[in-house]
Amino acid sequence: MTQYTPMIQQYLAIKQEYPDTFLFFRLGDFYELFFEDAVKASRELEITLTGREGGGEERIPMCGVPHHSADTYIAELLKKGYKVAVCEQVEDPKAAKGVVRREVTRVITPGTMMEGQWLTDKENNYIVSIGASGGRASIAACDMSTGEMYVTTPRADAVWEEALRYQPKELVLCGEEIAEGVLHLPFMKLAPDQIDSGLADSQYGEQAAGLGESQKLAISALLQYIGTTQKRGLSHLRQLEVYETAQFLQLDAFSRRNLELTETIRDKSKKGSLLWLLDRTETAMGGRQLRRWIERPLLDRAEIERRLDAVHHLYEDLLLASDIRAALHEVYDIERLTGRIAYGNANARDLVQLRVSLEHIPELKVRLADSGLPVLSELADGMDACDDLVSLLRQALVEDPPLSVREGGLIRPGYDAYLDKLQLASREGKDWIAQLEQAEREATGIRSLKVGFNKVFGYYIEISRANLSHVPEGRYERKQTLANAERFITPELKEREALILEAEEKMVELEYQLFVQVRSELAQHVARLQSLAEKVAAVDVLQSFATVSYERGYVRPQIVTSGEFVVREGRHPVVEAVLSKEKYVANDVALDQEQRQVLLITGPNMAGKSTYMRQIALMAIMAQIGCFVPAKEASLSLVDQIFTRIGAADDLVGGHSTFMVEMLETKQALVKATSRSLILLDEIGRGTSTYDGMALAQAVIEHIHDRIGAKTLFSTHYHELTQLAESLPRVVNVNARCEERDGKLLFLHKIAEGRADKSYGIHVAELAEMPRSVISRARQILHELEAKQVAAAPEQMTFDMLFAAAAEEKPEPAIDPQTAEVLDQLRSIDINHLTPLQAMLLLSEWKQTLTGT
Ligand code: ADP
């Protein structure tokens, strides 16, 4: 067996306890990594891999980072989803006998970081747990940096959906049969018997009383995990919010993505999303709150109207809105500052930021109260400006303290009598030294005599070589010789120096203690600060809505209960913003439960069908988060769920069959939707053969029409489906209009009543100057197909019929066998697996078949 050195043995013993982390092992001014960790970290961080003798036969792989810049490296590893255990020297190396004692003081994980430089201001940083017990699974979500904790028990089939909605950085899984296979996130699995299920109760007291078993398990597992990684108190996790997913408008992950609520589909950036458009918040808290509101539109009409009232008021009183913005602009991230205070890692600058923020609250309150609007003045009334904390901070801290809390310069004179005394002593000493220069110049007659200070020798008297002869014998003690000067000291100078240094040393220590006292005092008021932060955030989002609504000409939606969804001159908020308002063509929408439940939208590609559909969903969401909507007028019934199936091939990242995904998503809508839901289906059935697809599309429409009653927009290429409007009373045809102008097809982006002229495909081919023979042949085929369809009476086509038809003898083909063969081949080839050369060969083969040449 290898006999490692004592230090490496210590390393190995510690590493054993933290196998799934990078162990940052403090060695003097460095954090070192060893063995496998070193090999992997040198690769991930692009730092040099070296080696070290450790008592074994081979050198031990090693790499290290300086302790003062460790943050950057840790951040890099966290970003990649790794965990880092920080192992410090916990005794003074000078005092240590043998190897210095070391302990892991903290495990930093992607879901539990607190430090500003690792977090994004306007995003929460959630760690989510799933606790399963007694056949139910609950979710707890916590943002350590803000102190928020949420818990809910979703429907069994929506657990993952809800967990992932938080975009967690990390997961804790606890309990029966939780499948974690699909995840690319860091996760920790804990067995229920490892969990102290009393943690939820002890942390949240009465609030925890009504929780279910799986909810307690989820919370306890999370608290336990956080506790073991952070090794500190969790006193700032105060607020527990219990909710039910059915309290909010429900959107599955696909719809969120599809509607580009918080990020775009293409590059996953915020820019181009609804969040981006609506974000005119001034504070980081407001920015995070806005994101949460967008992710959870409301169903409670009274609450929606309250938000709309506030937005309305600010929309009309621009001066008030701008005053509020100005006040908010000076407010820092109270939530995260509070988190750091409670956690004991806030520095003096953080506390000054808190003070500055709190100083602007009275102004904000006055503005809100003066508005005379109940919603706003209630918010103002609820805001506790924490005057007591402000005066504590004013008295205790200087205006512009240094970053470090260990080097003094933090505490204001007058705050502590003893500190003042030390300061006086130090100042007097320094004054004496300042006078010394003048006195010695006079005594010796050397005008260039200087009194200076350096870290090694302390205070000294410096005399240039040329003047040395003028120094009276025995006046000074020689201390240091330089090239052209000598440095001297006197016993009295050293005495004074000792006094100054002693005072300063005491001051630094005392200042630190006083600072920590202030910080601990503030930590007693975490709940007050958190509740203030929440209200400030709400005001910020409301003013953001008002600002955007005003600038972009949105209107207040009328929330109605009639089941109608009627919009005059509606616009897609983001497309409009990108295109400019003049270019965007506004469109009306009229949906209701009696006559216009399903709109069948026809029109060629690129005509604006899916933009229209998305615009309607976004309108519903905007109204239900309490924002005005992009329209001239809107009467909207509240929507309980939104389902979308939009844009097939363009956004799928391989793997699944497109058609299968399409069917799975459509199924979600069919299974879960209610008469209050909104369903958007784009080109359903396109991924399979024509009759197959058309049959499915029709069956889906019939089901929604007859059984669900949800408001539905259904865009389709199958013109045959437009006949459904005749047989189903609540189905209406609309179309995205196009015109031909100067030989070009012009997309008007206007949605009109009625079905589209169906010959656009061939028309486009004609505009593209395809060979005439192809165009006329296509027209001929189209006529033949249409004739066949009339015979087949598609409005009565059902699955039964299709099966029956399939069982029948194949009818004589209406087209010649050669064409049929080419068409068959065309349908069956997989274009993605053809080389250009193969394609050319196929083409020439087909041409041969068709023309016989
Ligand atoms: P379709 O779904 O019919 O294929 P899209 O909805 O994707 O068409 O629209 C195609 C493009 O037309 C969009 O990218 C957008 O730039 C533009 N567009 C859509 N609707 C409008 C509109 N109402 N006004 C102006 N441009 C629009």
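Which strands does helix α18 lie across? The points below take this up first and then move through the rest of the model, which is a predicted one.

1. **Helix α18 and its strands.** Helix α18 covers residues 491-523 and lies across β15, β16 and β17. Its direction makes an angle of about 145° with β15, the strand at residues 458-464.

2. **The four-stranded sheet.** The strands just named belong to an open sheet of four strands, in the order β14-β15-β17-β16. The pairing in this sheet is antiparallel. Its edge strands are β14, at residues 450-454, and β16, at residues 477-481, and each of these pairs on one side only. On average, neighbouring strands of the sheet are turned by 40° against each other, with direction ignored.

3. **The pair β16 and β17.** Strand β17 spans residues 485-489 and pairs with β16 in the antiparallel sense, over four bridges. One residue pair to find in the viewer is E477 with its bridge partner I489, which sits in β17.

4. **The seven-stranded sheet.** Another open sheet has seven strands, ordered β13-β23-β24-β25-β21-β26-β27, and its pairing is mixed. At the edges stand β13 (250-251) and β27 (744-753); each has a single partner strand, so one side of each is left without a neighbour in the sheet.

5. **Strand β24 and its partners.** Strand β24, residues 678-682, runs parallel to strand β23 (residues 641-645), and four bridges join the two. Along this pairing, F643 stands opposite I679, and R645 stands opposite L681. Five bridges join β24 to β25 (residues 711-715), and these strands also run parallel. Here the bridge partner of L680 is L713, in β25.

6. **Burial of β24.** How many of the residues of β24 are buried? Five of its five residues are, and the strand is described as mostly covered. In a regular strand the side chains alternate between the two faces of the sheet. In β24, L678, L680 and D682 point one way, while I679 and L681 point the other way. Residues on both sides are buried, and the charged residue D682 is among them.

7. **Helices on the seven-stranded sheet.** Helix α22, residues 658-672, lies across β23 and β24 and runs at about 155° to β23. Helix α23, residues 690-708, packs on the sheet as well. It touches β21 (598-602), β24, β25 and β26 (731-741), and its direction makes about 165° with that of β25.

8. **E665.** Is E665 buried or exposed? This residue, placed in helix α22, has a relative accessible area of 15%. E665 is therefore buried, since the cut-off for that word is under 20%. Leaving aside neighbours within four places in sequence, E665 is in contact with F254 and R645. R645 is the residue that stands opposite L681 in β24.

9. **Strand β22 and two partners.** Strand β22, residues 633-637, is joined to β18 (residues 558-560) by three bridges, and these two run parallel. It is joined to β19 (residues 565-570) by four bridges, and those two run antiparallel. S635 in β22 appears in both pairings: it is the bridge partner of Q558, and V566 stands opposite it.

10. **Helices α11 and α14.** Two packed helices are described by the angle between their axes and the distance between the axes. For α11 (residues 318-329) and α14 (residues 361-370), the angle is about 165° and the axes are 9 Å apart. An angle over 145 degrees counts as roughly antiparallel, which is therefore the term for α11 and α14. Their crossing is left-handed. From α11, L320, D323, I324, A327 and L328 meet E363, L364, R367 and L368 of α14. By class, this contact has six nonpolar, no polar and three charged residues.

11. **Helices α12 and α13.** The axes of α12 (residues 334-343) and α13 (residues 348-359) come within 10 Å and cross at roughly 140°. That angle makes α12 oblique to α13. The crossing is left-handed. I334, L337, R340 and I341 in α12 meet D350, L351, Q353, L354 and S357 in α13. By class, the contact has five nonpolar, two polar and two charged residues.

Methods: Residues numbered from 1 in each chain as written. Predicted model: local features only at pLDDT ≥ 70, side-chain atom pairs only at ≥ 80, totals over all residues. Heavy atoms only, no water. Pairing = 2+ DSSP bridges. Axes fitted to C-alpha atoms, helices over the stretch in contact; angles between N-to-C directions. Contact = heavy atoms within 4.5 Å. Parallel < 35°, antiparallel > 145°, perpendicular 65-115°, else oblique. Left-handed = near helix turned anticlockwise from the far one by under 90°. Buried < 20%, exposed > 50% of the residue type's maximum accessible area, 1.4 Å probe, protein only.
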